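I opened this notebook to look up how side chains meet one another in the structure, beginning with the rings and going on to the charges.

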Amino acid sequence: QVQLVESGGGSVQAGGSLRLSCAASGQNRYTMGWFRQAPGKDREFVAQIRSGSSTYYADSVKGRFTISRDNAKNTVYLQMNSLKPEDTAVYYCAATQFTGVITIPSMYPSWGQGTQVTVSS
């Protein structure tokens, strides 16, 4: 399994921006996903990027969030713009060898430790 380390979380006001990073150990050709989990809620899919850089987003973040990857740095990013209070959650990156659109957390065997994002109104 690949080791993942997230960074870049923090606190912002509504309308602000944050960029999350996820550094992977070794060469990373996996499908990478970002998920989030708010207190008392299930972990939910946010965005996915495949090894060929095709992307897929949850409807709730489409047009506001952008996922990208730099394979030379083994790093995946999540640029979050126009943040809303309902985006407040712990954000996790995850990796899977499965291809296709994969939005179910259990299909990702590797996870980072998570990074907190707090958006105030």
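**Entry 1: Arginine over the rings**

I began with Arg-43, which lies over the face of Trp-111 at 4.8 Å from the ring centre. I note at the outset that this is a predicted model, and I read every distance below with that in mind. The charged end of Arg-43 also sits over the ring of Tyr-92, at 3.8 Å from the centre of that ring.

**Entry 2: The aromatic pairs**

I then asked how many aromatic pairs the structure holds. The search returned 6 aromatic pairs, and I followed up the two that involve Trp-111. Phe-35 and Trp-111 form a tilted pair, with 5.1 Å from centre to centre and 55° between the planes. This pair links distant parts of the chain, since Phe-35 belongs to strand S4 (residues 31-37) and Trp-111 to strand S10 (residues 110-111), 76 residues apart.

I checked whether each partner is buried or exposed. Phe-35 counts as buried because its relative accessibility is 0%, whereas Trp-111, at 25%, counts as partly exposed.

The rings of Tyr-92 and Trp-111 have their centres 6.3 Å apart and their planes at 80°, and so I recorded this pair as edge-to-face; the angle is over 60 degrees, which is what that class requires. Here too the pair links distant parts of the chain, with Tyr-92 in strand S9 (residues 89-96) and Trp-111 in strand S10, 19 residues apart. Tyr-92 has a relative accessibility of 14% and therefore counts as buried.

Which residues do the ring pairs join into a cluster? I listed Phe-35, Phe-45, Tyr-56, Tyr-92, Tyr-108 and Trp-111.

**Entry 3: Glu-6, a buried charge**

I turned next to Glu-6, which lies in strand S1 (residues 4-7). Glu-6 is buried and yet has no salt bridge, and the nearest side chain of opposite charge, that of Arg-43, is 7.5 Å away. The cut-off for a salt bridge is 4 Å between a side-chain nitrogen and a carboxyl oxygen, so I left Glu-6 and Arg-43 out of the list of bridges.

What does the side chain of Glu-6 reach? It reaches the backbone nitrogen of Gly-114 at 2.8 Å, and a polar atom of the Glu-6 side chain also lies 2.9 Å from the backbone nitrogen of Gln-113. Leaving aside neighbours within four places in sequence, I noted contacts of Glu-6 that include Ser-21, Cys-22, Trp-34, Tyr-91, Tyr-92, Cys-93 and Gly-112.

**Entry 4: Salt bridges**

A search of the whole structure gave 4 salt bridges, and I wrote out several of them. Arg-36 forms a salt bridge with Glu-44, where the closest N and O atoms are 2.6 Å apart. Arg-36 counts as buried because its relative accessibility is 6%, while Glu-44 is partly exposed, with a relative accessible area of 36%.

The side chains of Asp-87 and Arg-64 meet in a salt bridge at 2.8 Å, N to O. This pair links distant parts of the chain, for Asp-87 is in the loop between strand S8 (75-80) and S9, and Arg-64 is in the loop between strand S6 (55-57) and strand S7 (65-70), 23 residues apart. Asp-87 has a relative accessibility of 0% and so counts as buried, and Arg-64, at 10%, also counts as buried.

I found Arg-36, Glu-44, Arg-64 and Asp-87 to be linked in a network of salt bridges. I also recorded the salt bridge in which the side chains of Lys-62 and Asp-59 meet at 3.1 Å, N to O; Asp-59 is exposed, with a relative accessible area of 66%.

**Entry 5: Thr-75**

My last look-up was Thr-75, whose place is in strand S8. With a relative accessibility of 11%, Thr-75 counts as buried. Where does the side chain of Thr-75 reach? I noted the backbone oxygen of Lys-73, at 2.9 Å. Not counting residues up to four places away in sequence, Thr-75 touches Ser-21, Cys-22, Ala-23, Ser-68, Arg-69 and Asp-70. Ser-21 and Cys-22 were already in my notes as contacts of Glu-6.

Note on methods: Residues are numbered from 1 along each chain as its sequence is written. This is a predicted model: local features need pLDDT of at least 70, side-chain atom pairs count only at pLDDT 80 or more; totals for chains, interfaces and linings use all residues. Side-chain values use heavy atoms; hydrogens and water are left out. Rings of Phe, Tyr and Trp (its six-membered ring) pair if their centres lie within 6.5 Å; planes under 30 degrees apart count as stacked, over 60 as edge-to-face and the rest as tilted. Helices (H or I, at least four residues) and strands (E, at least two) are DSSP runs, numbered from the N terminus. Buried means under 20% relative accessible area, exposed over 50%, partly exposed in between (1.4 Å probe, protein chains only). A charge sits over a ring if NZ of Lys or CZ of Arg is within 6 Å of the ring centre and within 35 degrees of the ring normal. Lys and Arg count as positive and Asp and Glu as negative; His and the chain ends are not counted. A polar contact is a pair of N or O atoms within 3.5 Å; within protein, one must be able to donate a hydrogen and the other to accept it, and residues adjacent in sequence count only if both atoms are side-chain atoms. Contact means heavy atoms within 4.5 Å.
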